[in-house]
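Trainee: Could you take me through one part of this protein slowly? I'd like a close look at a single helix and whatever surrounds it.

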Amino acid sequence: MNNKLISLLIINLHVISLILIRITKRKMKVHKKRTNRRWWVHPINVRRNQELKDYPDKFFKYTRMSLEVFNKLLIKITSFLEKNSRRESLSPEHRLAITLR
């Protein structure tokens with residue numbers, strides 16, 4: 001019993017040390033100069049969902065659910081997926097499809 005407790009403590013200390021190392025590396029990272037984006041939403045992401053809806057079998061392979069189930073899920077979580085931005089952003093429908101992928 002005592003050996004198991006000691007081994008668990010050692011594992012926990014190791015995990016904590018790895019987390020701290022990762023945090024310090026992120027803080028020390030040099031920030032790169034941002035480049036201007038060509039698109040706020042890439043055109044492939046805008047077209048993807050509509051193209052999938054035209055082919056139910058491909059839609060099922062892509063999202064692992066039927067179109068009816070997808071629409072029911074979308075109705076339930078749309079409020080969580082909406083984004084308020086000055087720029088054009090992905091619709092909740094597109095965001096859900098990409099997330100399910």
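**A close look at helix H3**

Mentor: Sure, and let's begin with how far to trust the picture. This is a predicted model, with a mean pLDDT of 78 for the protein, and 81% of its residues reach 70 or more. Among the elements, helix H2 (residues 43-53) has the lowest mean pLDDT, at 70, while H4 has the highest, at 90. Keep a general rule in mind here: where pLDDT is low, predicted coordinates should not be read in detail.

Now to H3 itself, which covers residues 56-63. Which of its residues are buried? They are Phe 59, Tyr 62 and Thr 63. Look down the axis of H3 and you'll find these buried residues within an arc of 75 degrees, so they line one face of the helix. Turn to the face pointing away from that buried side, and there you meet the exposed residues Asp 57 and Lys 61.

Let's stay with Phe 59 for a bit. Its relative accessible area is 1%, and buried means under 20%, so Phe 59 counts as buried. Phe 59 also belongs to the one aromatic pair that the structure holds. In general, a pair of aromatic rings is described by the distance of the centres and the angle of the planes. Here the partner is Phe 70: the ring centres are 5.1 Å apart and the planes sit at 85 degrees, so the pair is edge-to-face. The cut-off behind that word is an angle over 60 degrees. Phe 70 lies in helix H4 (residues 67-81) and Phe 59 in H3, so the pair ties together parts that are eleven residues apart in sequence. Phe 70 is buried too, with 0% relative accessibility.

There is another ring to check out, that of Tyr 55. Lys 58 lies over the face of Tyr 55, at 5.5 Å from the ring centre.

Next comes Thr 63, another residue of H3. Thr 63 has a relative accessibility of 2%, which makes it buried. What do you find around a polar atom of its side chain? The backbone oxygen of Phe 59 lies 2.9 Å from a polar atom of the Thr 63 side chain. That links back to the Phe 59 we just met in the aromatic pair. The backbone oxygen of Met 65 also comes in, lying 3.1 Å from a polar atom of the Thr 63 side chain.

Step just past H3 and you reach Arg 64, which takes a positive phi of about 60 degrees. Why stop there? Most residues other than glycine have a negative phi. Arg 64 is not glycine, yet its phi is positive. Arg 64 lies in the loop between H3 and H4. Is Arg 64 buried or exposed? With 60% relative accessibility, Arg 64 counts as exposed, whereas Thr 63 is buried.

Follow the chain into H4 and you'll come to Ile 77. Ile 77 is partly exposed, with a relative accessible area of 23%. Its C-alpha atom is separated by 9.8 Å from that of Glu 93, which is 16 residues away along the chain.

One last stop, away from H3: a UniProt record (an unreviewed entry) places a "transmembrane region" at residues 6-24. In the model, that stretch is 100% helix and 0% strand, with its end C-alpha atoms 27 Å apart.

Technical notes. Residues numbered from 1 in each chain as written. Predicted model: local features only at pLDDT ≥ 70, side-chain atom pairs only at ≥ 80, totals over all residues. Heavy atoms only, no water. Phe/Tyr/Trp six-rings, centres within 6.5 Å; stacked < 30°, edge-to-face > 60°. Helix = DSSP H or I, 4+ residues; strand = E, 2+ residues; numbered from the N terminus. Buried < 20%, exposed > 50% of the residue type's maximum accessible area, 1.4 Å probe, protein only. Lys NZ or Arg CZ within 6 Å of the ring centre and 35° of its normal. Arc of directions from axis to C-beta. Polar contact = N/O pair within 3.5 Å; in protein donor to acceptor, adjacent residues only side chain to side chain. pLDDT = per-residue confidence, 0-100. UniProt positions renumbered as here; feature names shortened; annotations may be inferred.
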